[in-house]
Structure formats: structure tokens, C-alpha cells
Amino acid sequence: MSDPTLHSITQDPDDFAVQIADSIESFIVATTEVAKGDEPDSAVPFLLLEVSQLLLAGGRLGAHEDIVPDERYEPDAGPDMDMDDLRERFAVMLEPVDVFSEVFDPYEPRKAPVPARISDNLADIVSDLRHGLAHYRAGRTTEALWWWQFSYFSNWGPTASATLRALQSLVAHVRLDQPLAELDGLDTDEDLTEDDLAEEAGRVMIQEIAGPLGLGRRKV
């Protein structure tokens, strides 16, 4: 449920902090709803849209000048919410396509891709965003913006970017009628090289995942 304090008539809807907070809360609410599994047929396209919109807010934070918190030490925002339920719901929902490969730093030469999971990424992103939202709801606006900006650079930004790439690639594979390389059995705890990833890859036909995940192919 939306927090009414985020839409108070005393707040300027054009204010930067209000817009960023609205975008972040919208992502949290929407992602949590998708995780309930009530509409699995539209899960992947909806996540593609939501992550794309979140990264617009992230880009605004990244382009903004450095935000300096009011206090030297971060005030206690309270305990972070347990993300295990959200993580597990997405893992079940996305099981055929949850694992993907990513390169953490595209500017680090010859860096081998590593396995990652969309479900882990989504849970980590929500956790980061909720932490800042706790500051915002407590009236610590500058602290919230500082945290969102800092964690955009250090964690949720790269994580969301990787997730967006995976979701976009998944949709593209289906729309372009291209089979996916299967990553079933790939352990995200293993330190695997690019050759290992290629060796693990099998073939998965698009029709096995298109229907259940709402990825109907477009006729040309």
C-alpha cells in the first residue's frame, strides 16, 4: 500500500526528492505485487518495464551533484526487512530463466562472466531501496537521497542494470524467435569461467517458457 505521506498536499510534486521517492516506492509496490504470482503470464514484461523506470530515477540520482548527508554518521533506520520471501517467490516464478551470466565491470579487461540470478538481484534492489525509504518516511530527506545515490553507484544501480539487460535479452530472444541457452544446473556459488558457462549451456526451446512467462512472440 502506498504511504500517504509521500503524496501530502504540502509537498511540491515537482520537488526532486518527492519524485525520486515516488519512483522508488512505485517500484517496490509493483515488484512486490508481481512476486505474489497472481499474474505470472505478464511477469517478465512487467518487470522489464519496472526496472527500466527505476533506472530512470537512478540516472537522475547519478547525474545529480554529490548529496551530502546532514549528519556525519548515518542515523539508525531500523532493521532491514527480510527479503527471503520475495527472493524465493521470484526464484520459483522465474525458475526456467532465473540464472543468467553477467560481467560486473565492463571496463575491467578480460573479466570472465559470472552466474547471477534475477531473483537475487530483485530482492537486493528492493532491500537497498527500502533502507532509504525508511529515512525518507522518518523525515530525513537528505539522508534518504544520499543513501539512494550512494547505493545507486555501489550496489543497486549495477544490479538493476544487469537485471534489465537479462530481462531485455529474454524478451528479445522470444520476440526474435531465437532459442535460449539453458543455464539449468549452473551454481551461482561456483566460480566459473566463460568456458564453463558455455559447456553448461544446453538448448531450451522458446515455446517452453514463452507462455508461462507472458512472452508471446510477435508475428512479422
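Visitor: What share of the 220 residues in the chain is buried?
Guide: Welcome! This is a predicted model, and each residue in it can be classed by its relative accessible area, with buried meaning under 20%. Across the chain's 220 residues, the buried ones make up 40%.

Visitor: How many helices and strands does the chain have?
Guide: Reading from the N terminus, the elements follow the order α-α-α-β-β-α-α-β-α-β-α. Taken together, the secondary structure comes to seven helices and four strands.

Visitor: Which element gives the most to the largest nonpolar core?
Guide: In soluble globular proteins, nonpolar side chains tend to be buried together. Here the largest nonpolar core holds 48 residues, and F90, L129 and W148 touch the most other members. Two or more residues of this core come from each of α1 (16-35), α2 (43-63), α3, α4 and α5. With twelve residues, the element that gives the most is α5.

Visitor: Is F27 buried or exposed?
Guide: You can find F27 in helix α1. Its C-alpha is 7.6 Å from that of V51, although 24 residues separate the two in sequence. The relative accessible area of F27 is 1%, and the cut-off for buried is under 20%, so F27 is buried.

Visitor: How far apart are the end C-alpha atoms of α4?
Guide: Let's start with what to expect from this helix. α4 has 20 residues, and at 1.5 Å a residue, counting one less than the number of residues, they should span 28 Å. The model agrees with that, as the end C-alpha atoms of α4 are apart by 28 Å.

Visitor: Why is α4 said to be largely enclosed by the rest of the structure, and how many of its residues are buried?
Guide: The helix covers residues 118-137, and just after it G139 takes a positive phi of about 90 degrees. α4 is largely enclosed because, of its 20 residues, the number buried is 14.

Visitor: Which helices does the salt bridge between R87 and D124 tie together?
Guide: The side chains of R87 and D124 meet at 3.5 Å, N to O. Both residues are partly exposed, R87 with a relative accessible area of 22% and D124 at 32%. The pair ties together parts that are 37 residues apart in sequence, because one residue lies in helix α3 and the other in helix α4.

Visitor: By about how many helical turns are D84 and R87 separated?
Guide: D84, which is partly exposed at 39%, forms a salt bridge with R87 at 4.0 Å, N to O. Both sit in helix α3 (residues 84-93), three residues apart, which means that they are separated by about one helical turn.

Visitor: Which residues are linked in a network of salt bridges?
Guide: The whole structure has seven salt bridges. We have just met two of them, D84 with R87 and R87 with D124. The network links D84, R87, D120 and D124.

Visitor: Which residue does K36 meet in a salt bridge?
Guide: K36 is partly exposed, with a relative accessible area of 43%. Its partner is partly exposed too, at 41%. The side chains meet at 2.8 Å, N to O, and the partner is E33.

Visitor: Which element gives the largest share of the lining of the second largest pocket?
Guide: Rolling a probe the size of a water molecule over the atoms shows where empty space is left. In the second largest pocket there is about 230 Å³ of space, and E102, F104, P158, T159 and A162 are the closest to its centre among the 14 lining residues. The elements that give two or more residues to this lining are β2 (114-117), α4 and α5 (141-175). The largest share, six residues, comes from α5.

Visitor: How do the residues of that pocket's lining divide into nonpolar, polar and charged?
Guide: Some of the residues closest to the centre show the mix: F104, P158 and A162 belong to kinds that count as nonpolar, whereas Glu counts as charged. For the lining of the second largest pocket, the division is six nonpolar, five polar and three charged.

Visitor: How far apart in space are V103 and A116?
Guide: V103 is in the loop between β1 (99-102) and β2, and it is partly exposed, with a relative accessible area of 37%. In sequence, V103 and A116 are 13 residues apart, while in space their C-alpha to C-alpha distance is 9.7 Å.

Key. Residues numbered from 1 in each chain as written. Predicted model: local features only at pLDDT ≥ 70, side-chain atom pairs only at ≥ 80, totals over all residues. Heavy atoms only, no water. 1 Å grid on protein atoms, 1.4 Å probe; cavity = no way out; pocket = protein on both sides within 12 Å on 5 of 7 lines; lining within 4 Å. Points joined across faces, edges and corners; volume = space filled by probe spheres on them. Buried < 20%, exposed > 50% of the residue type's maximum accessible area, 1.4 Å probe, protein only. Core = buried A, V, L, I, M, F, W, Y, C linked by side-chain atoms within 4.5 Å.
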